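These are my notebook entries on a structure I went through element by element. I kept to what I could look up, and I put the cut-off beside each term where I first used it.

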Amino acid sequence: MDMRCLIVIPCLNEEKHIEPLIAKLGRALDELDARIVVADGGSTDRTRDIVREIAAVDPRILLIDNPKRLQSAAINLAIETLGNDYDYLIRIDAHGDYPDDYCQILAQEASATGADSVVVAMRTMGFSAFQKATAVAQNSKLGNGGSKHREGAKGHWADHGHHALMRVAAYRAVGGYDEAFSHNEDAELDYRLRKAGYRIWLTDKTAMTYYPRSSVPTLFRQYLGYGRGRARNILKHRSMPSVRQMLPLAVVPIFVGAFLAILNWIAVVPISLWAFACVAYGFWIALGERNPYGPLAAISAMVMHFAWSMGFWMEVFSFRARKVVS
């Protein structure tokens, strides 16, 4: 295949995953005339030593420092440093799993469709009980609202998907990732790609596996960041949230409104209906899909909804406060 690919792995403290991940990408090094860049955000475990040991044997593996620590900054730095020599960028998340031919299929899809970006569906799976329940939620409409790149769909031209492969020229033409975004940087970049006339293909030929957070606090913080990122995206581009995003947006307002129940009991009805709907959907999963994690998935979904809504409104109000001050 006549294309050169730069495979970039942003990482931080991934000593358990980085060596098998690089090994899995070995075939792509040969078949795509590729190079792997591990952009490390300051790991304090053995991640850096492991990568150095691998690089000492195979010079196609390179370790670079990512002082800004963000994934967006890691990709930008890799392209700024090495992008001139490559046709395509492939983004690999260190805390995920991939088929052995993942990179090769991405390149084949780019060649077959002429897409400027090839994105993939993200399948979630867990190991602990809480992770498994969260995976059930994230793989269902209860947790993903019907997102195509969460549920998987037949290959089609899309507005957004989990970032996988991108033409370096297109990436550079729109300015790469906006490093002001710690979350939702992929959707923000996709918005600029589409606006500039570039095309995004959601492939059904391959997918990546994601492992969710293993506790309520870490899941809450993650979705708080997602909510803030989505709000920042909307505020930056003055766009409107989709219907599936508007529904969880209401969670924090109806939660706050429930305190008005001291004046009128009807105020508690909206939050009660939301909680009932989540729990009912969880039991439907348990019964309809014979999945014992359905009821616990309802709890994970409520954490995700509440945190996402809170993050969104925090960003909106902080944005308005900054405008008033300026």
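I began with helix α11 (residues 216-237): at 1.5 Å a residue, its 22 residues should span 32 Å, and its end C-alpha atoms are 32 Å apart, which agrees. For the expected span I took 1.5 Å times one less than the number of residues, and helices (H or I, at least four residues) and strands (E, at least two) are DSSP runs, numbered from the N terminus. I noted that this is a predicted model, in which local features need pLDDT of at least 70 and side-chain atom pairs count only at pLDDT 80 or more, while totals for chains, interfaces and linings use all residues. Residues are numbered from 1 along each chain as its sequence is written, and side-chain values use heavy atoms, with hydrogens and water left out.

I then looked up which residues of α11 are buried, and found L219, Q222, Y223, L224, G225, G227, G229, R230, A231, N233, I234 and H237. Here buried means under 20% relative accessible area, exposed over 50%, and partly exposed in between, with a 1.4 Å probe and protein chains only. Just after α11 comes R238, whose phi is positive, near 55°.

I gave helix α4 (residues 71-82) the same length check: its 12 residues at 1.5 Å each should span 16 Å, and the end C-alpha atoms are 17 Å apart, which agrees. Its buried residues are S72, A73, A74, I75, N76, A78, I79 and L82. What do the buried residues of α4 pack against? I listed β1 (5-11), β2 (35-40), β3 (61-65), β4 (88-91), α9 (168-173) and α10 (185-195) as their partners, with contact taken as heavy atoms within 4.5 Å.

From there I turned to β1, where 7 of the 7 residues are buried, so the strand is largely enclosed by the rest of the structure. C5, I7, I9 and C11 point one way from β1, whereas L6, V8 and P10 point the other way. I reminded myself that in a regular strand the side chains alternate between the two faces of the sheet. Two strands pair if DSSP finds at least two bridges between them; β1 runs parallel to β4, with 4 bridges joining them, and parallel to β2, with 6 bridges. As examples I wrote down V8 with its bridge partner R91 in β4, and I7 with its partner I36 in β2.

I next searched the whole structure for disulfides and found 0, a disulfide being a pair of cysteine sulfur atoms within 2.5 Å. For C11, the closest cysteine sulfur is that of C103 at 16 Å, too far for a bond. C11 is buried at a relative accessible area of 8%, and C278 is buried at 3%.

My last search, for aromatic pairs, gave 11 in the whole structure. The ring centres of W308 and F312 are 5.7 Å apart with planes at 25°, so this pair is stacked; rings of Phe, Tyr and Trp (its six-membered ring) pair if their centres lie within 6.5 Å, and planes under 30 degrees apart count as stacked, over 60 as edge-to-face and the rest as tilted. W308 and F312 both lie in helix α15 (residues 294-325), 4 residues apart, about one turn of the helix, and both are buried. W313 and F317 form a tilted pair, 6.2 Å centre to centre with 35° between the planes. W313 counts as partly exposed, at 27% relative accessibility. I closed the entry by noting that W308, F312, W313 and F317 form one aromatic cluster.
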